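Visitor: I'd like to learn how to read a model like this one, feature by feature. Could you walk me through it?

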Amino acid sequence: MAGTGDPDGGGGSTKSPQELKSEVSRIFEMIAKEDECKLETVDEAIRALQLYADSKWKTLGKRPRVQQGIPEEFLCPISKSVMVDPVVLENGQTFNRLPIQDWLNEGHRRCPLTLQFLRDTRLTPNLLARRLIVKCCKEQGIKLPNLMEDEGKIAGDCDRDYFESLLDRLSPSLNDQKVAAKELRDLTNRQASVRAFFGESAGAFQKLLNPLSPNKVVDNPDLEEDLTAIVLNLSIIERNKELMEDNPFVISFLVGSLNSRTPRTRSIAAAALSELSILKSNWRLIGEAGAIGPLINVIGEGNIVAIVNASSALYKLLHLAENMKNATQARAPSVILQRIVKRICVDEMMGLLALLSRDLDAVDELINFDAVPLLLKVLGEDRPGQCKENCVAILDKICSYDPNTVKRIRNDEDACGLLLALSASSTATARAQRKTASIVKKIMEVASQSD
């Protein structure tokens, strides 16, 4: 087709965008009328669309980032652009730092690509991917932006003087506090340099915490949400985690935010506590500040994002015996089982129950709840291997403490068949097979005693 330019030479077209649009319409009408569409016609359509797109970009005065010659593996799954600063999530998926950090800052705790639950949200630089991307871009003649260039494009430069002025505005009137907090929330969300300023500037955390007294915050939910989000953004940096550990008011503030009347603030606070609980030294501090009960309340009452955030925090905190006891006293097993009944965040709930089942009082609560039929039902569903592993581990704990449960399972042909199938399954994890074998052994012992 002569009018659409030289397909091999890569030349442009002298036609106007409107003329090219008409050409595209004509070719698509031709495709619609043909009984068997020819490949040549499809190629014509592709070339015409490309020329039309080029003309539109010229009209707008900008063009998209060049991606030709770049393997798809080097493009961020979120932004679809070349990864300038590739980082790895705990599940092994690689993203560009800024897009995935934005995703996590919004409170998400699942991988956006696989939807796997993330126990740990720390980002690890993918140095090998970075080297390969740099090499590829050099070979293709594509200039790779500086690591900090994208941040400047997104949020603009924030110098230290402006940062300090925002901190100073957190002291005077309520209106100044709200404006400064809103700006700091945006900057700490977008720019790593601003998050680093807090750790480098003397007294920065004290100035940030100035408006957090109950008589000011409780009556201003918007300010409370912004300040809670700032703490979450700051907690991403390891140095800031350590500084917050030395300032117990941060943790007590976050625990207070868990009781906020706004669901979004509760969710953000749970995400911040999850970040801080990455440090084992914070487990006791967070527990002693009274976080366990409110986190369980978030699981019982919150939306999906809030539940995942609270689960992520509790999964780490429950490794401390005192926190485990506090969770059981707060009726955590029953709250979690209610979520499972409604099939809400089942994978996360099973992970928490598996931890709680190490406590005898928690096992008693599971028995009183009559959790076994529910657990067997979940075990028979199409669930990830880790979920089934946790499920059968909980069943094994119950069977170890309650002989009546073993007898009930023995008399249930479907349950026995399910357990036998799992023990022989090639897709089951090794731990799931061991726990299943342990239950089967208990069933056989009961059977031999009754014969």
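Guide: Happy to. Keep in mind that this is a predicted model. Let's begin with a single residue, L98, which sits in helix α3 (residues 97-105).

Visitor: Is L98 buried or exposed?

Guide: The general idea is a cut-off: buried means under 20% relative accessible area. L98 has 10% relative accessibility, so it counts as buried. You can also place L98 relative to V87: the two are eleven residues apart in sequence, and their C-alpha atoms are 9.5 Å apart in space.

Visitor: And zooming out, how many helices and strands does the chain have?

Guide: The protein chain has 26 helices and three strands. Of its 451 residues, 47% count as buried. The accessible surface comes to about 22200 Å², and 52% of that belongs to carbon and sulfur atoms.

Visitor: What share of the contacts between residues at least 6 apart in sequence join residues at least 24 apart?

Guide: That share is 65% in the protein chain.

Visitor: Let's turn to helix packing. At what angle do α13 and α14 pack?

Guide: Two packed helices are described by the angle between their axes and the distance between the axes. Here, α13 (residues 248-257) and α14 (residues 263-276) pack at an angle of about 145 degrees, and their axes are 8 Å apart. Their crossing is left-handed.

Visitor: Which residues meet there?

Guide: From α13 you have I251, L254 and S257; across from them, α14 brings T265, R266, A269, A272, L273 and L276. Sorted by character, the residues of this contact are six nonpolar, two polar and one charged.

Visitor: Now for backbone angles. Which phi value does K80 have?

Guide: K80 has a positive phi of about 65 degrees although it is not a glycine. Look for K80 in the loop between α2 (39-60) and β1 (86-88). The cut-off for exposed is over 50%, and K80 has a relative accessible area of 54%, so K80 is exposed.

Visitor: What about the phi of R331?

Guide: R331 is another residue other than glycine with a positive phi, near 60 degrees. R331 lies in the loop between α18 (321-329) and α19 (332-341). Its relative accessible area is 48%, so R331 is partly exposed.

Visitor: Which side chain does R331 reach with a polar contact?

Guide: That would be S334: a polar contact of 3.2 Å joins the side chains of R331 and S334. S334 is in helix α19. With a relative accessible area of 12%, S334 is buried.

Visitor: Which residues does S334 touch, if I skip those up to four places away in sequence?

Guide: With those skipped, S334 touches E365 and F369. The side chains of S334 and E365 also make a polar contact, at 2.5 Å.

Visitor: Then let's follow the trail. Where is E365 found?

Guide: E365 is found in helix α21 (residues 360-368). Its relative accessible area is 8%, so E365 is buried. Leaving aside neighbours within four places in sequence, E365 is in contact with T328, R331, A332, P333 and S334.

Visitor: So R331 comes up again there. How should I put this corner together?

Guide: Take S334 as the starting point. Its side chain has a polar contact with R331, and another with E365. Then E365 itself has R331 among its contacts. Reading the accessibilities alongside, S334 and E365 are buried, while R331 is partly exposed.

Definitions and conventions
Residues are numbered from 1 along each chain as its sequence is written. This is a predicted model: local features need pLDDT of at least 70, side-chain atom pairs count only at pLDDT 80 or more; totals for chains, interfaces and linings use all residues. Side-chain values use heavy atoms; hydrogens and water are left out. Helices (H or I, at least four residues) and strands (E, at least two) are DSSP runs, numbered from the N terminus. Buried means under 20% relative accessible area, exposed over 50%, partly exposed in between (1.4 Å probe, protein chains only). Contact means heavy atoms within 4.5 Å. Axes are lines fitted to C-alpha atoms, for helices over the stretch in contact, and angles run from 0 to 180 degrees between N-to-C directions. A crossing is left-handed if the near helix is turned anticlockwise from the far one by less than a right angle, and right-handed if clockwise. Ala, Val, Leu, Ile, Met, Phe, Trp, Tyr, Cys and Pro count as nonpolar, Asp, Glu, Lys and Arg as charged, and the others, Gly among them, as polar. Accessible areas come from the Shrake-Rupley method with a 1.4 Å probe; for residues, only the protein chains shown count as cover. A polar contact is a pair of N or O atoms within 3.5 Å; within protein, one must be able to donate a hydrogen and the other to accept it, and residues adjacent in sequence count only if both atoms are side-chain atoms.
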